[in-house]
Amino acid sequence: MSSESVPAEPLRHHDEGVWLVQFTGRVLVVCPGCGGRASVVPRPGLAPPKYFSALFFQPRRLSCAGCGAVAEWAPGQKGAGLVGAVVGGTEDPFFRRPLWLQARCAGRILWAYDVEHVDALAAYVGARLREHHSSPTMAMFARLPAWMKSASHRDEVLAGLARLRALAELHRPTDRSDAAHDRGDRPRHHGSLLFRGGPY
Ligand SMILES: [Zn+2]
């Protein structure tokens, strides 16, 4: 590594306490129809929610430009309450489709919802100095698995995030990452703890 690649100032990252659900504005998934790239977005015409917590209950639409597949999601009902989306892991929070942005990295699966999410992770992972927000219960960065935060994995994780960014540009069924399997056709050993996506 040349001395030019060492920044004079440490790259700072200030965690504003962003929630993972804030990155669900667009989620790239494996299309249930053709196996290409489909998008999950808030159902068109809805007013943007007033609170981040409402994002868990915002109706969504899956659509695929490749094969025309369309599906709708709305929160379930349990007694008097609504059952919202569950974020985290390698499936989308709404339709439970495998995420399109998945790559093998450091013996794990690196995943993201969309490019914006990849960029946010890269800014965090690439920072030499991390300033934490004080209330981390819902905060995405505070909940990242240790292997992603480790300095020894920094270059590997940044390279993996670059692969995710490139994947986001692709859309054909044959472009699908070998890490992005359906639950049913996923090789058995990928169900082990080692390959399970963390809660980030
Ligand atoms: Zn499709």
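The exercises below work through a predicted model of a zinc-bound protein, each with a stepwise solution.

**Exercise 1. Confidence**

Task: State what the mean pLDDT of the protein is, and find which residues stay under 50.

Solution:
- Step 1. The protein has a mean pLDDT of 86.
- Step 2. A pLDDT of 70 or more is reached by 84% of its residues.
- Step 3. Residues 184-199 have pLDDT under 50 throughout. The model has 24 contacts for this stretch beyond four places in sequence.
- Step 4. Where pLDDT is low, predicted coordinates should not be read in detail.

**Exercise 2. Overall layout**

Task: Give the order of helices and strands along the sequence, and say how many of each the protein has.

Solution:
- Step 1. There are three helices and ten strands in the protein.
- Step 2. Along the sequence they run β-β-β-β-β-β-β-β-β-α-β-α-α.
- Step 3. Of the contacts with a separation of 6 or more, 64% are between residues 24 or more positions apart.
- Step 4. The protein has 200 residues, and 42% of them are buried.

**Exercise 3. The zinc site**

Task: Identify which residues coordinate the zinc ion, then work out the geometry of the site and the accessibility of Cys31, Cys34 and Cys64.

Solution:
- Step 1. The donor atoms are the SG atoms of Cys31, Cys34, Cys64 and Cys67, at 2.3 Å from the zinc ion.
- Step 2. The spacing of these donor residues in sequence is C-x2-C-x29-C-x2-C.
- Step 3. Angles among the four donor atoms run from 102 to 115°. Four donors count as tetrahedral if all angles lie between 85 and 135 degrees, and the zinc site is tetrahedral.
- Step 4. Cys31 is buried because its relative accessible area, 2%, is under 20%. Cys64 has 6% relative accessibility and is therefore also buried. Cys34, at 28%, counts as partly exposed.
- Step 5. A disulfide is a covalent bond between the sulfur atoms of two cysteines. The search of the whole structure finds zero disulfides.

**Exercise 4. The nonpolar core**

Task: Describe the largest nonpolar core and say which elements each supply at least two residues to it.

Solution:
- Step 1. The largest nonpolar core holds 44 residues. Those with the most contacts inside it are Leu101, Leu110, Met148, Val157, Leu161 and Leu164.
- Step 2. Four strands each supply at least two residues: E2 (27-30), E3 (37-42), E8 (101-105) and E9 (108-112). Helices H1 (115-126), H2 (146-149) and H3 (154-168) each do so too.
- Step 3. H1 gives the largest share of this core, six residues.
- Step 4. Leu161 serves as a worked case. Leaving out residues up to four places away in sequence, Leu161 touches Leu110, Val118, Leu121, Ala122 and Val125.

**Exercise 5. Pairs apart in sequence**

Task: For Arg26, Pro44 and Arg104, give the location, the accessibility class and the C-alpha distance to a partner residue.

Solution:
- Step 1. Arg26 is in the loop between strand E1 (12-14) and E2, and is partly exposed, at 32% relative accessible area. Its C-alpha atom is 4.9 Å from that of Val41, 15 residues apart along the chain.
- Step 2. Beyond its neighbours within four places in sequence, Arg26 contacts Ser39, Val40, Val41, Tyr113 and Asp114.
- Step 3. Pro44 sits in the loop between E3 and strand E4 (60-63). Pro44 is exposed because its relative accessible area of 54% is over 50%. Pro44 and Arg60 lie 16 residues apart in sequence, with 8.4 Å between their C-alpha atoms.
- Step 4. Arg104 belongs to strand E8 and is partly exposed, at 28% relative accessibility. Between Arg104 and Val157 there are 9.7 Å in space, C-alpha to C-alpha, and the two are 53 residues apart in sequence.

**Exercise 6. Positive phi in loops**

Task: For Arg96 and Ala106, give phi and the loop that holds each residue, then decide whether each is buried or partly exposed.

Solution:
- Step 1. Arg96 has a positive phi, near 60°, and is not a glycine. The residue is in the loop between strand E7 (81-83) and E8.
- Step 2. With a relative accessible area of 30%, Arg96 is partly exposed.
- Step 3. Ala106, likewise not a glycine, has a positive phi near 50°. The loop between E8 and E9 holds Ala106.
- Step 4. Ala106 has a relative accessible area of 17%, under the 20% limit, and is therefore buried.

How values were computed:
Residues numbered from 1 in each chain as written. Predicted model: local features only at pLDDT ≥ 70, side-chain atom pairs only at ≥ 80, totals over all residues. Heavy atoms only, no water. pLDDT = per-residue confidence, 0-100. Contact = heavy atoms within 4.5 Å. Donors = N, O, S within 2.8 Å, 3.2 Å for Na, K, Ca; no water. Tetrahedral: all angles 85-135°; square planar, octahedral: opposite > 155°, others 65-115°. Buried < 20%, exposed > 50% of the residue type's maximum accessible area, 1.4 Å probe, protein only. Disulfide = S-S within 2.5 Å. Core = buried A, V, L, I, M, F, W, Y, C linked by side-chain atoms within 4.5 Å.
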